[in-house]
Amino acid sequence: MLRPEQVEEAVKTGGSTRRPDDRITPRFKTGDAVRVRNRNPTGHTRLARYTRGKRGVIHHDHGVFIFPDTNAHGRGEKPQHVYSVRFEAAELWGEPTSLRDAVYIDLWEDYLEPA
Amino acid sequence: MSQSNDLAPAALPAKPEDSRPFQAPWQARAFAVAVTMSQAGRYTWDEFRGYLMAEIAQHPGDSTEYYQHWLDALEKLLADKGFVAGNELNAKTQEFGPR
Amino acid sequence: MSTQHHNAPESEPALRVKALESLLVEKGLVDPQTLDLLVDAYENKVGPKNGAKVVARAWVDPAYKARLLSNGTAAIAELGFSGMQGEDMVVVENTPTVHNLIVCTLCSCYPWPTLGLPPVWYKSAPYRSRAVSDPRGLLKEFGLDIAPEVEIRVWDSSAEVRYMVLPEHPKGTEHMSEAELAELVTRDSMIGVAKVTVGSKARS
């Protein structure tokens, strides 16, 4: 049970799900073209539907984090790289309000394949 | 609007804005319960988020109060984890209010 | 048996939360005083004033700004802000050619240590869908007209990283101290639905 005297520390510390591990080599690097897998998963997922099957470019590798999909189902933390991926508005929406705009979304490596 | 966006655009919530973090005391309590149980290690915050996302995904585009989703998610998570069973909560709720 | 103590009937969710808390306390799983302290923290202590200090520091100190943009978590922690829902921070900079907007399309993820808890509209279905699908139209409704040659970047906080916008330093503020600058920085400017001007005033 979290005690009153522990509240301040808890608020200030939180709980990162980052798992620094140099042994886990990233599959992708900045500039790589990727496609979001067209999966139809059950259970808890962080794969936003509007990105499914879409093509984007790796903007940044955030590092290694726990994978929530397997962790939630007791199948282990399966830590992996999480990437910031840039998608052009035109790719996502067909007829966007601007050809210049883009959406950046954070995706676990398991959600991506090379494009 | 094009293909992939299945959430119908609607007017944003009306101004003037209520910028308080909680619009009712029960929301503040529900928030605090979710956080304290997570910080005590009963579940990860990520697990709670998963339940919350599932509630929101089941009600796309509607104006159900956000904290109602939060409460529903919390109740389901606590039941699945074996901390508070649904019927136990229903019975206790009856004790607190007229029915 | 009814234990109603109020004259006005309480709503269904209020009764359920009361019952939930009562059961958890009975089972020794939560301490009501802990709950009080958490509510107090997020109602009164943690809020956008924190983020405003980060922004003002970045405006006056170029070396700090560089650290902030390369490692948001560490730079924000230098000012004493850290913790829940801010464990992994990325700060994105508005420039004359790029305007940034933050959203969480899946729920309501938001950088608590710097901005506190999110406003009602940020959590709403219209915001969550239009921020990604029609940011220009959405921003117009907030009173912000972004020029066509400016690129809008929408950041969907779908994983563990939390985002905050570093708004542009407004003209006409060169005479202001760091503390005075912080007073201008609004929560909305750090989400990306507003800009900071010499006339802005942070509400809370």
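**View 1. Strand S4 of chain A is covered on both faces.** On one side of S4(A) the residues A:Ala102, A:Tyr104, A:Asp106 and A:Trp108 are buried, and on the other side A:Val103, A:Ile105 and A:Leu107 are buried as well. A residue is called buried if 20 or more other C-beta atoms, placed from the backbone, lie within 10 Å of its own. In a regular strand the side chains alternate between the two faces of the sheet. Strand S4 of chain A spans residues 102-108, and 7 of its 7 residues are buried. Strands (E, at least two residues) and helices (H or I, at least four) are DSSP runs, numbered from the N terminus.

This is a predicted model, in which local features need pLDDT of at least 70 and side-chain atom pairs count only at pLDDT 80 or more, whereas totals for chains, interfaces and linings use all residues. Residues are numbered from 1 along each chain as its sequence is written, with chains lettered from A and ligands numbered from 1 in the order in which they are written.

**View 2. S4(A) pairs with strands of chain A and chain C.** Two strands pair if DSSP finds at least two bridges between them. Strand S3 of chain A (residues 80-88) runs antiparallel to S4(A) and is joined to S4(A) by 7 bridges, with A:Asp106 as the bridge partner of A:Ser84. Strand S3 of chain C (residues 151-156) runs parallel to S4(A), and 4 bridges join them; here C:Arg153 is the bridge partner of A:Ala102.

**View 3. Chain C touches chain B.** Here 45 residues of chain C are in contact with 43 residues of chain B, contact being C-beta atoms, placed from the backbone, within 7 Å. The largest share of the chain C side, 12 residues, comes from H1(C).

How values were computed
Buried ≥ 20, exposed ≤ 12 C-beta atoms within 10 Å, placed from the backbone. Contact = placed C-beta atoms within 7 Å.
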